[in-house]
Amino acid sequence: MPWSPDPRWRDSDLAFFGAVTAGATHELNNVFSIIEQTAGLLEDWCADPEADVPAGCDKILNVTERIARQVQRGTELVRRLNGFAHSADEPCCNQEMNDLLENLLALMERFAAQRRVRLVFEPAGAPVTLTTRPFILEQAVFLAVSAALAGTAAQGIVTVQLTGGGAGVEITITGAPALPEAELPAAVGAWLGPPLWNLEGRVRTAARAGKYAIVLTIPKISEEVP
Amino acid sequence: MSGTDKILLVDDEADFVSALSERIAHRGLAVDVADNGLKALDLAGQNAYDAVILDLAMPEMDGIETLKRLLDLNPDLQVILLTGRATLQQGVEAMKLGAMDVLEKPARLDLLLDKIRKAQANRVLLVEKRNEEKIRKIVDNKAW
């Protein structure tokens, strides 16, 4: 089915966790590679008496700025990956939804960039705390956004909007389809079944006039938080 | 041994390309750069390279697809995949397709330069082999 992301992400929590972790660590490898080569460049200049470096303080500053930029990028990635890993700490808890989605979607930016699609998050206007299963919720959103990315043409935009409050939220994923719109509901329904059952949530899809929407409705979970 | 002393570096990380290309150039090799597979194909169609250093994960056309098309264009091309995310399966696939080697990022420059030198040697051997084949054909046709 063309809208389907990697089926392993649906069938196994571990595969989903692995996909997000692999994406982030790949980014970290890039960060380390840039730092290594940029630091090496400074070494080359120091080792070469004919290098035009003394006159090029700006050149050195430019290189150290590059290193600082990559350190910042790496630090941010580690912070986000750490937040993601800790979302599995409690099976069910009170969760601030803007933070959860912002973190997950930032980790998904590379998946979007690979498809040359821009991922945009529109948070709720105020903090939204929901009693839910954060890790499973992340899996559901990851699957839905992955489907949207798979169905969107290069240069397109996928928007994720959060609305609602403590009784329940709606996460609306919209974009312009490049794939047959008629196949969207069956595809999304097939993968989101198990996580939505665990979240006591539901999904509905709509596609018309060259646009699609995947809407996840996630209520406050009935289980008591310890 | 004489090659073109020119390599093509294909990666979408601008800071990485900038630093690595300057370091390689500092060691006497000319470096062309491309930030995606399509540009790489365009450059490889117009220039002869001793080696292509190719990232695996790039937008639009990934490294494996770029590798396939580069080798369709020139089967003798020596392609070294340099990637932050080579699974064993991807590495095996790349080698089966005809990549010269697969290196994981971050890779030390001396290791990469060793691979480039090996690519230059491979390329010279292939050029000599093609020349011998041409000469043999001419000799056979003339029935000398």
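In these views of a predicted model, a residue is called buried when its relative accessible area is under 20%, exposed when it is over 50%, and partly exposed in between.

**View 1. A salt bridge within one helix of chain A.** The side chains of Arg80(A) and Glu76(A) meet here in a salt bridge, with N and O 3.0 Å apart. Both residues belong to helix H3 of chain A and sit four residues apart, which is about one turn of the helix. Which of these two partners is buried, and which is partly exposed? Glu76(A) has a relative accessibility of 33%, so it counts as partly exposed, because that value falls between the limits of 20% and 50%. Arg80(A), at 9% relative accessibility, counts as buried because 9% is under 20%.

**View 2. Chain A as a whole.** Before we move in again, here is the setting. Chain A has seven helices and seven strands. Starting at the N terminus, the elements follow the order α-α-α-β-α-α-β-β-α-β-β-α-β-β. The C-alpha trace of chain A spans about 70 × 45 × 35 Å along its principal axes. Of the 226 residues in chain A, 46% are buried. Take the contacts in chain A between residues at least 6 apart in sequence: 77% of them join residues at least 24 apart.

**View 3. The nonpolar cores.** The largest nonpolar core contains 53 residues, and those with the most contacts inside it are Met97(A), Met108(A), Val145(A), Ile171(A) and Ile218(A). Helix H6 (residues 134–150) of chain A gives the largest share of this core, 12 residues. What does Ile171(A) touch, leaving aside its neighbours within four places in sequence? Its contacts include Met97(A), Leu101(A), Val141(A), Leu162(A) and Ile218(A). There is also a second, separate core of 21 residues, with Ala34(B), Leu56(B), Ile64(B) and Ala94(B) among them.

**View 4. Where chain A meets chain B.** The contact is made by 23 residues from chain A and 22 residues from chain B. About 2100 Å² is buried between the two chains, and carbon and sulfur atoms give 46% of that area. On the chain A side, Gln37(A), Asp44(A) and Gln114(A) lose the most area to chain B, together 27% of what that side buries. How many residue pairs are in polar contact across this interface? There are 12 such pairs. Helix H2 (13–47), helix H3 (57–86) and helix H5 (109–114) of chain A each supply at least two residues of the side that touches chain B. H2(A) brings the largest share of that side, 13 residues. By type, the residues of the chain A side divide into five nonpolar, nine polar and nine charged.

**View 5. Salt bridges at the interface.** Side chains of opposite charge can pair when their charged atoms come close. Five salt bridges are found across the interface of chain A and chain B, while the structure holds 22 over all chains. In one of these interface pairs, the side chains of Asp44(A) and Arg27(B) meet at 2.8 Å, N to O. Asp44(A) lies in helix H2 of chain A and Arg27(B) in the loop between helix H1 (14–26) and E2 of chain B, so the pair joins two chains. Asp44(A) is buried, with a relative accessible area of 7%, whereas Arg27(B), at 36%, is partly exposed.

**View 6. A linked network of charges.** Glu27(A), Arg73(A), Arg110(A) and Glu13(B) are joined in a network of salt bridges. Arg73(A) pairs with Glu13(B), their closest N and O atoms being 2.7 Å apart. Glu27(A) pairs with Arg110(A) at 2.4 Å, N to O. Because Glu27(A) lies in helix H2 and Arg110(A) in helix H5 of chain A, this pair ties together parts that are 83 residues apart in sequence. Glu27(A) and Arg110(A) are both buried.

**View 7. Around Asn36(B).** Asn36(B) sits in the loop between strand E2 (30–34) and H2 of chain B. Asn36(B) is buried, with a relative accessible area of 17%. Its side chain makes a polar contact of 3.2 Å with the side chain of Asp35(B). The side chain of Asn36(B) also reaches the backbone nitrogen of Lys39(B) at 2.8 Å. Not counting residues up to four places away in sequence, Asn36(B) touches Val10(B) and Met58(B). Lys39(B) belongs to helix H2 (residues 37–46) of chain B and is partly exposed, with a relative accessible area of 43%.

Methods
Residues numbered from 1 in each chain as written. Chains lettered and ligands numbered in written order. Predicted model: local features only at pLDDT ≥ 70, side-chain atom pairs only at ≥ 80, totals over all residues. Heavy atoms only, no water. Contact = heavy atoms within 4.5 Å. Buried area = accessible area lost by both parts, 1.4 Å probe. Salt bridge = Lys/Arg side-chain N within 4 Å of Asp/Glu carboxyl O. Polar contact = N/O pair within 3.5 Å; in protein donor to acceptor, adjacent residues only side chain to side chain. Nonpolar A, V, L, I, M, F, W, Y, C, P; charged D, E, K, R; others polar. Buried < 20%, exposed > 50% of the residue type's maximum accessible area, 1.4 Å probe, protein only. Core = buried A, V, L, I, M, F, W, Y, C linked by side-chain atoms within 4.5 Å.
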